[in-house]
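Got your viewer open? Load up the model and follow along, one selection at a time.

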Amino acid sequence: MIKATVDVTIKQSVLDPQGNAVREALHSLGFNEVEKVRVGKYMELILHTTDRNEAEARVRTMCEKLLANTVIEDYRFELEGI
């Protein structure tokens, strides 16, 4: 089996209102050194395969079709045998 960890983040060119809200909340708590916050998603997928090439292709397809909105989000993933 293979574990895929997927990180999805808002593209740098896209405004991140949730990140701005988190930054402002941190400032209100006294963490004024925080200059910028970008909020994203983290997912772990367990794939029932041992073929790394197949797993990479399948996870890439999952990201393109569902896990990330590629118009406004970037994604990256890592595979690990378990």
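Start by clicking on Glu73: buried or exposed? With a relative accessible area of 12%, Glu73 is buried, since buried means under 20%. Keep in mind throughout that this is a predicted model.

Now zoom out a little from Glu73, and you'll see that this residue belongs to strand β3, which covers residues 73-81. Next, show its neighbours further off in the sequence: leaving out residues up to four places away, Glu73 touches Val8, Thr9, Ile10, Lys11, Lys41, Leu67 and Ala68. Select Asn69 too, and look for its backbone nitrogen, 2.7 Å from a polar atom of the Glu73 side chain.

Stay on the strand and pick Tyr75 and Phe77. A search of the whole structure finds 1 aromatic pair. Here it is: the ring centres of Tyr75 and Phe77 are 6.5 Å apart and their planes sit at 10 degrees, so the two rings are stacked. Phe77 also counts as buried, at 19% relative accessibility.

Time for a helix. Select residues 52-67, which make up α2. At its start, a side-chain oxygen of Asp51 comes within 3.0 Å of the backbone nitrogen of Asn53.

Now colour Ala55, Val59, Cys63 and Leu67, which are buried in α2. Look down the helix axis: the buried residues fall within an arc of 70 degrees, so they line one face of α2. What do they pack against? Switch on β1 (2-10), β2 (40-47) and β3, and you have the packing partners of those buried residues.

Finally, turn to the face of α2 that points away from the buried side, where you'll find the exposed residues Asn53, Arg58 and Lys65.

Definitions and conventions
Residues numbered from 1 in each chain as written. Predicted model: local features only at pLDDT ≥ 70, side-chain atom pairs only at ≥ 80, totals over all residues. Heavy atoms only, no water. Phe/Tyr/Trp six-rings, centres within 6.5 Å; stacked < 30°, edge-to-face > 60°. Buried < 20%, exposed > 50% of the residue type's maximum accessible area, 1.4 Å probe, protein only. Helix = DSSP H or I, 4+ residues; strand = E, 2+ residues; numbered from the N terminus. Polar contact = N/O pair within 3.5 Å; in protein donor to acceptor, adjacent residues only side chain to side chain. Contact = heavy atoms within 4.5 Å. Expected span 1.5 Å × (residues − 1). Arc of directions from axis to C-beta.
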